[in-house]
Amino acid sequence: MPFAGRRWLALPDHHKEAVMVIFSIARFRGVVAVAVAAGGLHAAPWAQSAGTEACPRPMPGSAVTDPPELAKAGDGAFHLTARNSGTGPEDRDAPAYAYRFCLRGNDDARLQAPVLRMSAGETVRVALSNRLQAKTGFPETHVMTAPGTSLCVPQPDGLAGGNNLTNLHYHGLNIPPRCGGDETINTVLAAPQTGGTADYTYQFTIPANEPPGLYWYHPHMHGVSQQQILGGMSGIIVIDGMEKLFPEVGHLTERILVLRDQDKPNPADREDAPQDEPWKDVSINYVPVTWNGKASAAPQPAPQLSVGAGERQFWRVANAAADTAFVLKLQYRFSSAGPWQDQPLELLAFDGVPQVDDSGMPGARSMTVTRIVLPPAGRAEFIMAGPPAGAEARLYSDDYNRYLASTNPKADATDATDRQPARVLADIHSAPAGRQKAAVPRQAAEERVKRFMNLRQSSTLRNRSFFFTKDPADEGNFFLTPEGRTPKPFDMAAPPDVTVNMPTVEDWTIENRDSESHVFHIHQIHFRVLEVNGVPTDDRAEPTLRDTIELPACRDWGSADPEALYQGDPAFVGKNCREPFRVKLRMDFREQDIAGTSLFHCHILEHQDKGMMAKMELAWNPQAAREEARILREQGSMALERSAPAIEPGAQSVVPALMRTVSRLLGERVAAVPDDAICRTATAEAADGKR
Ligand SMILES: [Cu+2]
């Protein structure tokens with residue numbers, strides 16, 4: 001623990017008494033003062049009027065209000081407009097707060113980052129309009145956007161642009177990675193004067209078996225993802241129906257909380273932040289979480305949340321940060337000198353999928369935790385209880401160290417790189433009595449989760465391995481590489497790194513051989529986490545159905561100097577790591593509705609933009625899947641025969657059992673698919689091309 005023994009500066013308590021706090025911040029044009037009453041929470045929500053600021057944001061100390069919901073327009077579509085601010089010449093030296101990106105519902109500044117509610121089986125249309133202005137003066141610009149890409153069709157001449165190009169990724173939704181759906185490779189919206197198309201309507205069908213839960217949308221414009229998401233360009237998607245799995249939820253107040261990060265106001269602080277300071281500022285529903293750890297900074301109040309005393313609420317929390325992890329805790333203390341105590345959180349869903357066993361049923365007992373690690377893009381949905389009258393409460397994020405502990409010089413407490421220290425995300429106040437609700441008796445679930453069923457009991461034939469590494473100089477390329485190949489940064493125009501013939505189930509081993517943590521995310525599917533560093537997981541004790549998983553740094557960095565090993569040859573990156581952090585994931589490639597060209601990558605977006613991504617072709621090809629299964633099965637049985645003497649008597653029965661499972665796994669699904677499925681896919685693609 002590199003930070004053991006160090007003490008964070010005490011944070012001021014703003015809610016000890018109902019003290020009126022008045023302050024002003026000169027850097028905000030428009031409203032510069034706001035009143036916060038700890039008891040009443042009547043803070044002005046917006047720092048600037050909609051007329052002067054494309055993406056208005058609340059003042060520090062504001063009440064945390066849920067994001068607005070967007071209703072469908074008369075044409076049946078959700079209408080989103082991409083906007084930004086801080087683009088004028090006078091903004092070149094403006095603080096980072098001036099660099100804002102947002103998605104506005106109906107192009108209304110009051111409907112910034114709206115919640116889109118959808119249902120399983122529904123056909124959804126999202127009309128996106130790109131009104132982004134090109135922005136200069138960013139501290140980091142990694143414009144690696146493939147030249148020659150346009151709306152779904154590679155274009156030989158390319159498109160002019162950089163951080164004014166955009167698109168949308170529907171994170172976690174199990175929808176097609178094809179034109180009009182969750183296609184993020186060739187779908188680029190650009191201003192018409194640059195030869196592009198600024199308006200585009202996505203249309204896709206949510207699978208009938210999509211689990212209820214919390215998803216999110218954000219741009220996936222390679223090379224500028226980090227900038228746009230640091231600027232705040234993200235919003236929530238809710239697939240409704242959580243109460244069918246957890247009936248109590250239907251009786252509780254729901255709160256949607258979106259955590260984001262952003263560049264620090266002072267450009268000099270971004271790369272070399274002073275010791276003890278975070279490398280990024282964060283916010284909760286856009287209310288700034290002002291860093292109060294520095295003695296010289298004028299203390300500013302935390303975001304303000306209000307919950308009835310003892311009231312149970314259903315909180316749905318998304319980490320929409322580009323680069324920042326959160327270690328969430330709900331804490332109470334019962335006297336101003338007393339210790340903060342972690343409170344239980346009943347975890348109902350993670351990454352949009354309810355906590356269910358392999359048969360898709362929620363457990364009889366809720367999964368109770370006191371700490372939730374939420375990597376970038378992770379989502380947690382849980383029931384919390386408001387503090388009893390007289391207690392203080394806060395939503396807290398604990399200290400997070402992305403780097404190796406003792407064996408890595410990067411982990412030195414004096415090194416400020418990527419610091420993510422503990423901070424108070426919100427003060428929580430007991431609302432006056434009257435908001436409390438009667439206890440709800442526990443009821444059985446009405447439904448089960450049908451997608452991702454029986455993953456644990458399915459047998460897989462194909463194993464694949466990938467590893468995370470980077471150029472040890474830490475400034476250049478980041479890599480996500482199939483085992484056995486030489487690392488290279490992602491190239492949008494290159495052929496797929498992996499082809500998966502579906503339907504199938506595969507086991508993927510992901511290794512982190514780097515000195516800092518990385519976050520594995522795969523589009524289109526969810527996976528079961530089978531093992532972490534060789535230790536089997538427990539569905540009843542931890543969230544194992546996910547679309548995003550954090551891999552902490554290499555566990556034994558060895559004594560070799562990585563830069564001396566590397567010397568510019570990517571074949572040597574990661575070779576000094578003697579014990580990678582390793583997860584084994586069971587990938588669900590059984591559903592036809594995810595066929596297309598898709599991506600998997602590190603969801604720390606600085607790393608993604610610098611090349612830590614790979615492309616996969618999800619081919620719906622039952623004949624090839626059957627043939628592949630037959631070959632792998634034969635290889636497997638031959639390998640088993642060769643090693644037969646070592647097998648215990650009776651163990652040979654593994655082979656017929658395996659074959660039965662494979663037949664069941666593949667046979668039933670293949671039988672359910674009409675023979676012309678592939679032709680229809682091709683026809684649909686042809687239709688896409690005409691759109
Ligand atoms: Cu990474």
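This is a tutorial dialogue on reading a predicted model of a protein that holds a copper ion.

Me: Before we turn to single residues, how many helices and strands does the protein have, and what share of its residues is buried?

Reply: Since this is a predicted model, every value here is computed from its coordinates, and the overall picture is a sensible place to begin. The secondary structure comes to 8 helices and 36 strands, and buried residues make up 58% of the 691 residues. The accessible surface is about 26,900 Å², with 52% of that area belonging to carbon and sulfur atoms.

Me: What do the contacts say about residues that are separated along the sequence?

Reply: Among contacts between residues at least 6 apart in sequence, 78% join residues that are at least 24 apart. One case to look at is Ala 624, which is found in helix H6, residues 622-642: the C-alpha atoms of Ala 624 and Asn 501 are separated by 6.3 Å, although the two residues are 123 apart along the chain. Ala 624 has a relative accessibility of 24% and therefore counts as partly exposed, given that buried means under 20%.

Me: How should I read the metal site, and which residues coordinate the copper ion?

Reply: Start with the donor atoms, then ask how they are spaced along the chain. The copper ion is coordinated by ND1 of His 518, SG of Cys 602 and ND1 of His 607, at 2.0 to 2.1 Å. Along the chain these donors follow the spacing H-x83-C-x4-H. Cys 602 and His 607 are both buried. Keep in mind that water is not among the atoms, so a site may look incomplete.

Me: Which way do the side chains of a strand point, and how does strand S28 illustrate this?

Reply: In a regular strand the side chains alternate between the two faces of the sheet. In S28, Thr 504, Glu 506, Trp 508, Ile 510 and Asn 512 point one way, while Val 505, Asp 507, Thr 509 and Glu 511 point the other way, and all are buried. With 9 of its 9 residues buried, S28 (residues 504-512) is therefore largely enclosed by the rest of the structure.

Me: Which strands pair with S28, and in which sense, parallel or antiparallel?

Reply: The sense of pairing is read strand by strand, and S28 offers one example of each. Strand S25 (residues 462-470) runs parallel to S28 and is joined to it by 7 bridges, with Glu 506 of S28 as the bridge partner of Arg 462. Strand S34 (residues 581-589) pairs with S28 in the antiparallel sense over 9 bridges, and there Val 583 stands opposite Ile 510.

Me: Where else could I practise this reading of faces and partners?

Reply: Strand S10 (residues 235-239) is a suitable exercise, being mostly covered, with 5 of its 5 residues buried. Gly 235, Ile 237 and Ile 239 lie on one side and Ile 236 and Val 238 on the other, so to speak a strand with both faces covered. Strand S5 (residues 116-118) pairs with S10 in the parallel sense over 3 bridges, whereas strand S9 (residues 213-218) pairs with S10 in the antiparallel sense over 5 bridges. Ile 239 appears in both pairings, as the bridge partner of Met 118 and as the residue opposite Gly 213.

Me: How many aromatic pairs are there, and how do I read the geometry of one?

Reply: A search of the whole structure finds 11 aromatic pairs. For each pair, look at the distance between ring centres and the angle between planes: the rings of Trp 508 and Phe 600 have their centres 5.0 Å apart and their planes at 65°, so this pair is edge-to-face. The pair links distant parts of the chain, as Trp 508 is in strand S28 and Phe 600 is in strand S35 (residues 596-602), 92 residues apart. Both Trp 508 and Phe 600 are buried. Phe 520 and Phe 527, by comparison, form a tilted pair, at 6.0 Å centre to centre with 55° between the planes. Phe 520 has a relative accessibility of 0% and counts as buried, and Phe 527 is likewise buried at 0%.

Me: Which residues form the aromatic cluster?

Reply: One aromatic cluster is formed by Phe 466, Trp 508, Phe 520, Phe 527, Phe 589 and Phe 600.

Me: Where do charged side chains sit over rings?

Reply: The charged end of Arg 260 sits over the ring of Tyr 286, 3.8 Å from the ring centre, and Arg 513 lies over the face of Phe 467, at 4.1 Å from the ring centre.

Methods:
Residues are numbered from 1 along each chain as its sequence is written. This is a predicted model: local features need pLDDT of at least 70, side-chain atom pairs count only at pLDDT 80 or more; totals for chains, interfaces and linings use all residues. Side-chain values use heavy atoms; hydrogens and water are left out. Donors are N, O and S atoms within 2.8 Å of the metal (3.2 Å for Na, K and Ca); water is not among the atoms, so sites may look incomplete. Buried means under 20% relative accessible area, exposed over 50%, partly exposed in between (1.4 Å probe, protein chains only). Helices (H or I, at least four residues) and strands (E, at least two) are DSSP runs, numbered from the N terminus. Two strands pair if DSSP finds at least two bridges between them. Rings of Phe, Tyr and Trp (its six-membered ring) pair if their centres lie within 6.5 Å; planes under 30 degrees apart count as stacked, over 60 as edge-to-face and the rest as tilted. A charge sits over a ring if NZ of Lys or CZ of Arg is within 6 Å of the ring centre and within 35 degrees of the ring normal. Contact means heavy atoms within 4.5 Å. Accessible areas come from the Shrake-Rupley method with a 1.4 Å probe; for residues, only the protein chains shown count as cover.
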